[in-house]
Amino acid sequence: QVQLVESGGGLVQPGGSLRLSCAASGSIQSINSMGWYRQAPGKQRELVATAESGGSTDYADSVKGRFTISRDNAKNTVYLQMNSLKPEDTAVYYCNTVARVYGIRADLWGQGTQVTVSS
């Protein structure tokens, strides 16, 4: 059994910060990329940030300079540090991992964590 467990969402005022965490566990042989997506009400799910196993990262233009993604490969965990949050960052944030499980490429998703930015 493989699962992604997210934590760190919540309610924050505009300009505030939150840190999301996502830990992958189970029969994972290797992890390629780990990342975060988000989905606001009435909108499609969109990429927020990804971190590849080689260390490269990618960000949506809307979060560049405010969000930082990082990985702890020893713990199979990815983090998203979110600073200078804006109301438009309000969404359900989903962790995504592309991994090799039982020799097969697997695209794994967390259950989602709500981030609400409001005064």
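The radius of gyration used here is taken over C-alpha atoms, and the rule for a globule is 2.2 Å times the number of residues to the power 0.38. With 119 residues, that rule puts a compact globule near 14 Å, and the protein chain has 14 Å, so the two agree. Keep in mind as you look around that this is a predicted model.

**The overall picture**

Let's start with the whole chain. Its C-alpha atoms fill a box of roughly 45 × 25 × 25 Å along the principal axes. If you go hunting for helices, you'll come up empty: the chain has zero helices and eleven strands. Read along the sequence, the pattern is simply β-β-β-β-β-β-β-β-β-β-β.

How much of the chain is buried? Buried residues account for 42% of the 119 residues. There is also plenty of contact across the sequence: among contacts between residues at least 6 apart, 55% join residues at least 24 apart.

**An open sheet of four strands**

Now pick out four of those strands. They form an open sheet in the order S1-S3-S8-S7, with antiparallel pairing. Strand S1 (3-7) and S7 sit at the edges, each pairing on one side only. Ignoring direction, neighbouring strands here are turned by 15° against each other on average.

At the S7 end, S7 and S8 pair in the antiparallel sense over six bridges. For a spot to look at, find Thr68, which stands opposite Gln81 in S8.

Ser21 is a handy stop in strand S3. Buried or exposed, which is Ser21? The cut-off for buried is under 20% relative accessible area, and Ser21 has 17%, so it counts as buried. Setting aside neighbours within four places in sequence, Ser21 is in contact with Val5, Glu6, Ser7, Trp36, Val78 and Tyr79.

**Strand S9 and its partners**

S9 deserves a longer look. Nine of its eleven residues are buried, so the rest of the structure largely encloses this strand. The table lists its antiparallel pairings.

| Strands | Bridges | Residues opposite each other |
|---|---|---|
| S4 and S9 | ten bridges | Arg38 and Tyr93 |
| S9 and S10 | six bridges | Asn96 and Trp109 |
| S9 and S11 | three bridges | Val92 and Gln114 |

In general, strands of a sheet pair through backbone hydrogen bonds, either parallel or antiparallel. S9 and S10 also make a hairpin, with two residues between them. In that turn, Tyr102 has a positive phi of about 50°.

**The nonpolar core**

Next, head inside. The largest nonpolar core has 32 residues, and the ones with the most contacts inside it are Trp36, Val48, Phe67, Ile69, Leu80, Met82 and Tyr93. Many strands chip in: S3, strand S4 (28-39), strand S5 (46-52), strand S7 (67-72), strand S8 (77-82), S9, strand S10 (104-109) and strand S11 (113-117) each supply at least two residues. Which strand gives the largest share of this core? That would be S9, with five residues.

As background, nonpolar side chains in soluble globular proteins tend to be buried together.

Ile69 is a good place to zoom in. Not counting residues up to four places away in sequence, it touches Met34, Gly35, Trp36, Ala49, Thr50, Ala51, Thr57, Tyr59, Val78, Tyr79 and Leu80. Among these neighbours, Trp36 and Leu80 also appear in the list of core residues with the most contacts.

**The disulfide**

Finally, look for the sulfur atoms. The structure holds one disulfide. It is formed by Cys22 and Cys95, whose sulfur atoms are 2.1 Å apart. The pair links distant parts of the chain, 73 residues apart: Cys22 is in strand S3 (residues 18-25) and Cys95 is in strand S9 (residues 91-101). A disulfide is a covalent bond between the sulfur atoms of two cysteines.

Why is this disulfide called left-handed? The torsion about the S-S bond of Cys22 and Cys95 is about -80°, and that makes it left-handed. As for surroundings, Cys22 is buried, with a relative accessible area of 0%. Cys95 is buried too, also with a relative accessible area of 0%.

Definitions and conventions. Residues are numbered from 1 along each chain as its sequence is written. This is a predicted model: local features need pLDDT of at least 70, side-chain atom pairs count only at pLDDT 80 or more; totals for chains, interfaces and linings use all residues. Side-chain values use heavy atoms; hydrogens and water are left out. A disulfide is a pair of cysteine sulfur atoms within 2.5 Å. Buried means under 20% relative accessible area, exposed over 50%, partly exposed in between (1.4 Å probe, protein chains only). A nonpolar core is a set of buried Ala, Val, Leu, Ile, Met, Phe, Trp, Tyr and Cys residues joined through side-chain atoms within 4.5 Å. Contact means heavy atoms within 4.5 Å. Two strands pair if DSSP finds at least two bridges between them. Axes are lines fitted to C-alpha atoms, for helices over the stretch in contact, and angles run from 0 to 180 degrees between N-to-C directions.
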